[in-house]
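Hi everyone, thanks for coming. Let's look at one structure together and go from the outside in. Here it is on the screen.

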2 protein chains.
Amino acid sequence: MRPIGVDVMGGDRAPGEIVAGCLRAKRELGIDVLLVGRPEALEGLDTGGLEVAAASEVIDMSEDPAMAVRTKKDSSLVRLAEAVRDGRASAMVSAGNTGATMASALLRTKRIRGVLRPAIVTPIPVPGAATPTALLDAGANVECSAEMLVQFAHMGSAYFTARYGVAEPRVGLLSIGEEPGKGGPLRKEAHALLSDEPGLRFLGNVEGRDVMSDVVDVCVTDGFTGNVTLKALEGGMRTLSTAILGILLGTEEARAASEPLLPAFAGLAAELDPESHGGAMLLGTDGLCIISHGSSSATAIVNAIRTARDMVEADLVGAIRRAIRPERPGEA
Amino acid sequence: MRPIGVDVMGGDRAPGEIVAGCLRAKRELGIDVLLVGRPEALEGLDTGGLEVAAASEVIDMSEDPAMAVRTKKDSSLVRLAEAVRDGRASAMVSAGNTGATMASALLRTKRIRGVLRPAIVTPIPVPGAATPTALLDAGANVECSAEMLVQFAHMGSAYFTARYGVAEPRVGLLSIGEEPGKGGPLRKEAHALLSDEPGLRFLGNVEGRDVMSDVVDVCVTDGFTGNVTLKALEGGMRTLSTAILGILLGTEEARAASEPLLPAFAGLAAELDPESHGGAMLLGTDGLCIISHGSSSATAIVNAIRTARDMVEADLVGAIRRAIRPERPGEA
């Protein structure tokens, strides 16, 4: 397998934590990694002999994605996407500017034929369940058509099978009531299309309360609702974690009492930690693209690289290509 | 003050828990309550001499709201809304069919002049903060215009001031990025209008992660996004509570260790419990309307009645009327 390409310039803790993660992926998991970035930024860092693809520019977190990708042709992100396109890397990983990561992947590796729009899929951890819920679109497309939501269902199902080994994942359409008519014209049309669509295990509408529960595997929605839902849950979990830590460690007595419980709470915290889950992924482009949290640590990067390797081995791009089946001339 | 009217037929645990809640509100808080429902359903229940307004019909949880309100003119919900309109009750409380509760309030008590559409406001608990976040619209309007979102900001601010005593509540527009241009045409237009709107403390865009945190007081969005966000958080909190209970009570050793921590965890659970928060409220109708959870217990009803009493005393309807200020002929 060709190496996993990593943007060493992207993320709040780049390049140090990013390079450290790449090195651990190589040493602990035996995964070959291609580092893409400014050679000067790597000076003084232990790169362990990993191959470096030089890029002289960096796209900042705050830059306008489309503009940046168009003007910074020698940026680490653009060069990384080109490495995937040209076969020097088998997948790309970045913790940098999300929009620019998407734009680079889209402009350089192109869409899979027939895909209307790529979507971001994010695993939502569900404590107590065997698998998370895959939520998509988690933010790539603010406005969606019903046909796009049907494609998201296919891409999400292919992802869930490749990632979690579930043969026929349960697909739900996120809405505000279980009845088919609920949720306005877009959901109504999408519900009708999804009900008739072959190759999907469509449960019908699901509600917000089902996202973080073991009711559905693939939860389909537009990128606005998906992004708000994802971040609301992340924020809620963070607020609650702070409150729980306050209870466990707030007083001397509490600290003493909670000591035997801490391993279990640490396990729950790890289950909830986005860093454990390998990051979000862009689905629908002709090359794998993993979008890590901006705050990614070395551990998050290791998990992202591992996930990228697994998805290359599972041929996720091929599975999506087969699921989308572009209509040929002459077909209805 | 005239009594608070309560639909004793509405809710999964009606009429027993509902009547028990009304009785406790009278005995513990000295609030006068008007019970609206079928006299036969109250037979054998202790109503403690509370006044009863008879209604021969009941709107079920699963009925189509608009149709039910039109055809069941002698239903408890329709009669309850009429009691508010006619001045027999100063507010209405129901744990029944949410859509039918809204429709009854809207058709019988009418909109406040100038209000484009009423909205549902729901307090989202924020552990560790002095006040919750008021989220609206939490489900009344699937599709919204920018002008509606501006009105929601005013109504939500009036609510927050009346309910939590905060003079100039911080208003945020829920979107998928902090920059004004983020979130598509609706948010862009709403951001521009809100930025120019007098009488509001507008912070700009907020993101999903800010909903359950102490960053914003009034979080404005369309009813689809609001409902999904609210329910996602409720579902997430439930899943996490189950996981935490599993840790605290899962083994004999854990039970022993966690005993001194249980009062603090019970306090956190109470903070998060929707039953503690007095229910959702319909804003924009010319009469107060509280929408309780379908699963409401007597305690939830007591809190809803208390909230209704407080909002009548604070003249929330008058505050909304002043905030909306309908344009007069001749004004732009």
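Let's start where the two chains meet: 44 residues of chain A are in contact with 44 residues of chain B. Contact here means that the C-beta atoms of two residues, placed from the backbone, lie within 7 Å. On chain A, helix H8 (223–249), helix H9 (252–258) and helix H10 (262–272) each supply at least two residues of the side that touches chain B. H8(A) gives the most, with 18 residues. Helices are DSSP runs of H or I with at least four residues, strands are runs of E with at least two, and both are numbered from the N terminus. By class, that side of chain A has 23 nonpolar, 14 polar and seven charged residues. Ala, Val, Leu, Ile, Met, Phe, Trp, Tyr, Cys and Pro count as nonpolar, Asp, Glu, Lys and Arg as charged, and the others, Gly among them, as polar.

A quick word on what you are seeing. This is a predicted model, where local features need pLDDT of at least 70, side-chain atom pairs count only at pLDDT 80 or more, and totals for chains, interfaces and linings use all residues. Residues are numbered from 1 along each chain as its sequence is written, while chains are lettered from A and ligands numbered from 1 in the order in which they are written.

How is chain A laid on chain B? A turn of 180° and a shift of 0.0 Å along the axis do it, with an RMSD of 0.0 Å; the fit is by least squares on C-alpha atoms of residues with pLDDT of at least 70 in both copies. The two copies are therefore related as by a two-fold rotation axis. The same surface serves both: 100% of the contact residues of chain A recur in chain B.

Now inside chain A. An open sheet of eleven strands runs in the order S3-S2-S1-S4-S11-S10-S5-S6-S9-S7-S8, with mixed pairing. Two strands pair if DSSP finds at least two bridges between them. Strand S3 (51–54) and strand S8 (201–206) of chain A are the edges, each pairing on one side only. Elsewhere in chain A, four bridges join strand S4 (residues 91–94) to strand S11 (residues 288–291), and these two run parallel. There, A:Ser94 stands opposite A:Ile291 in S11(A).

Finally, the domain assignment, automatic or from a database, gives chain A domain 1 (4–115 + 284–320) and domain 2 (122–274). Their C-alpha centres lie 25 Å apart.
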